[in-house]
Amino acid sequence: MTTEPRPDSDAIENLLREERTFAPSDEFVADALVRDPSIYERAASEDGFRAFWTDEAKRLDWMEPWEDLYTWEAPYAKWFIGGKLNVSVNCLDRHVANGLGDRVAYFWEGEPGDTRTITYADLLDEVCRFTNALRGLGVKKGDRVAIYMPMIPELPVAMLACTRIGAAHSVVFGGFSADALADRIDDASCSVVITADGGYRKGATVALKKAADDAIARTSSVEHCVVVKRTGDDVAWDESRDHWYHDLVDGQSSKADPEPMDSEDLLYLLYTSGTTAKPKGIMHTTGGYLAGVSATHRLIFDIHPETDIYWCMADIGWVTGHSYIVYGPLANATTGIIYEGAIDYPEKDRWAQIAAKYRATILYTAPTAIRALMKYGADAFADDDLSSLRLLGSVGEPINPEAWAWYWKEIGGGRCPVVDTWWQTETGMVMIAPLPGITTLKPGSATFPFPGVVADVVDEGGRSVPLGGGGYLVLERPWPAMLRGIYGDPERYEQTYWSRYPGRYFAGDGCKRDEEGYYWLLGRIDDVMNVSGHRISTTEVESALVSHPSVAEAAVVGRTDPITGQAIFCYVILRSGHEASDELGKELRTHVADMIGKFARPKQILFTPDLPKTRSGKIMRRLLRDIAEQRDLGDVTTLADANVVSAIRDQSGKGED
Ligand code: WT7
């Protein structure tokens, strides 16, 4: 295999030392979709904004046209009012009708090495069969369907079949525990659960059906459980409730009428952590969401659907996968790669082997993955030909300039723009990111709001902070893919996002802008941690800990971690009669993993006799964070008992994973 010579690693330090900026190369600009910077100015005015989204939405197939582009009665937006469309038709039927049936929708690669190539015609066929199967089970418009699956082709098939029927899916990431799944099934009263016998992860199998059984046993709304055979592992079976996927689709017709959906009908729910122990069911609707994700996907990733091979390495169970593996890319008739397993298994360069094999042109991943690959070093993939790559993306957490520069140089060979994309489960679509044909990049900055997006950085009082300063990120104008609420809890919706600065969306992120107006996202400012790009609430982990019989009280903070961004650090007060020990620490970490999911396993438990509290009894998190980071403690005089701090500090560093 021929490989291009790789740039010298020392050069990365020089790149950063020089504080270089990265203007688009002539070669990239020559073929770029967006080459005219006036796009920002045009989308800024109200008329221009309306024209921009009108044009974008017209690229979709509508069964009935909309009457009004949008209405905004803060905090409630509606988009493409009166319009009717079906998402699966836009992702599949219209491409097949346009003669693209033979185009590959997904190259799928299983962790054990099995593969499938699925064309748009194949995908439409499979989605219709499964639509008929679900209808046969009684699933209809307006129902909620839970999906708890590994990264296999049947996962997007199940999502698209739901959209064809007009049932809202609620995908629960396969790494969540049975308890977490039960809470989510319950909150939305899902009538069907779609799962698999198991999935592959680092050579082992994950028993998904077993977890689904345990979850369903704790809920009362589920009538049917559909099971894809993936691993062949033995599973328990309830004849009255369980159905094999392959039995259900066998003999079904490959034609299924799509439900005409109102633009504002519910498309899906996706649960995300907030500052309380109860996750929020974020609601996304049909027309605005699809217009938003297809436009941002096309323009930010500079999609050329005839030639690009696009690989978003996220799991479909998170919003990144919903918007940028399934809906955006399929709406744009893109050819994508889906990989089931861990990117470094069985070899450190498994990801690079896959990228080379399919000649990937675009990679989209998280800083935590980049840092993990950085640790292995560029030598680990020196034999893989990555010369097909032309664009790189980052998402999920702030990307440190070192990781950015390494990504740019070692993976992108110094020729691929890196688009750092800031957004959230709630925003549905990317909100702050470069347009790679016109934006001069700065390592570590997500650069500028997408055309038409109006963002600001404000202080405590809501005053805009001048360029050069930092504060809280807010969004000022509605956008088509924005959340429409929290399922079953409008009060929490208003409270969480709209009460701090009335009329403005409060993102929960700190942000600074430099003198040139570049946005630099600084991470969460609330009690939400970001571990490997996954949002985990401190309260959720605390309540998991106190549900263990040995724990009297717990306080949880995120501590800076070189690979995962943040790591979960727990302070635990034991009930009397329980002794602190390494074994108990391990048991508690496992307990949290069992309660929430393995990705939420704490890094460190610190047993302490007491916790620092204010006189009014509030736990002092800032102080606990400082101790976790082993920072200078500053002023602790509001402590109820100052001795607590030294007692805690003496213990710090023990009980690490
Ligand atoms: C939170 C949203 C968006 C899909 C994955 C995470 C952080 C996300 C960036 C970025 C800095 C980022 C923010 C945000 N975040 N992307 N490019 N730079 N921070 O979705 O689980 O809803 O989490 O992730 O803190 O609020 P999510």
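Pro75 sits in the loop between strands S1 (68-73) and S2 (76-81), where a cis peptide bond joins Ala74 and Pro75, with omega at about 0°. Helices and strands are taken here as DSSP runs (H or I of at least four residues for helices, E of at least two for strands), numbered from the N terminus. The model is a predicted one, in which local features need pLDDT of at least 70 and side-chain atom pairs count only at pLDDT 80 or more, while totals for chains, interfaces and linings use all residues. Residues are numbered from 1 along each chain as its sequence is written, and side-chain values use heavy atoms, with hydrogens and water left out.

A cis peptide bond also joins Tyr345 and Pro346, with omega at about -5°. Pro346 belongs to the loop between S17 and helix H13 (350-357). Backbone angles of another kind deserve a look as well. Phe80, in strand S2, has a phi near 55°, a positive value in a residue other than glycine. Its side of the story is one of burial: Phe80 has 0% relative accessibility and therefore counts as buried, the term being used for under 20% relative accessible area, with exposed meaning over 50% and partly exposed in between (1.4 Å probe, protein chains only). Arg359 likewise has a positive phi near 55° and is not glycine, but it is found in the loop between H13 and strand S18 (362-365) and is partly exposed, with a relative accessible area of 38%.

Turning to aromatic residues, a pair of rings is described by the distance of the centres and the angle of the planes. Rings of Phe, Tyr and Trp (its six-membered ring) are paired if their centres lie within 6.5 Å, and planes under 30 degrees apart count as stacked, over 60 as edge-to-face and the rest as tilted. The count by this rule comes to 43 aromatic pairs. In one of them, the ring centres of Phe22 and Trp404 are 4.9 Å apart and the planes stand at 50°, so the pair is tilted. Phe22 comes from the loop between helix H1 (10-17) and helix H2 (26-31), and Trp404 from helix H15 (residues 401-411), so the pair ties together parts that are 382 residues apart in sequence. Both Phe22 and Trp404 are buried.

Phe176 and Phe599 make an edge-to-face pair, with 4.9 Å from centre to centre and 90° between the planes. Phe176 lies in the loop between strand S7 (168-171) and helix H8 (178-187), and Phe599 in the loop between helix H18 (582-595) and strand S30 (604-607), so this pair ties together parts that are 423 residues apart in sequence. Phe176 counts as buried at 10% relative accessibility, and Phe599 counts as buried at 17%. Phe176 has a further partner, for the charged end of Arg184 sits over its ring, 4.3 Å from the centre. A charge is said to sit over a ring if NZ of Lys or CZ of Arg is within 6 Å of the ring centre and within 35 degrees of the ring normal. The charged end of Lys512 sits over the ring of Trp520 in this way, 5.1 Å from its centre.

One aromatic cluster is formed by Trp72, Tyr76, Trp479, Tyr493, Tyr497, Trp498 and Tyr505. In helix H16 (490-498), the buried residues are Arg492, Tyr493, Tyr497 and Trp498. What covers them, by contact (heavy atoms within 4.5 Å), includes strands S1, S2, S15 (280-285), S23 (485-486) and S24.Helix H16 reappears at the second largest pocket, which holds about 340 Å³ of space. Of its 22 lining residues, Thr275, Gln495, Thr496, Phe506 and Asp526 are the closest to the centre, and the elements giving two or more residues to the lining are H16 and strand S24 (505-513). On a 1 Å grid over the protein atoms alone, a pocket is an open set of points with protein on both sides within 12 Å along at least five of seven lines, a cavity is a set where a 1.4 Å probe fits but cannot get out, and lining residues have an atom within 4 Å of a point. Points are joined across faces, edges and corners, and a volume is the space filled by probe spheres set on them.

The structure also holds four cavities of 30 Å³ or more, and the largest cavity has a volume of about 50 Å³. It is lined by 13 residues, with Tyr106, Tyr310, Ile325, Pro329 and Gly336 nearest its centre. Helix H12 (319-331) is one of the elements that supply at least two of these residues, and its four residues are the largest share.
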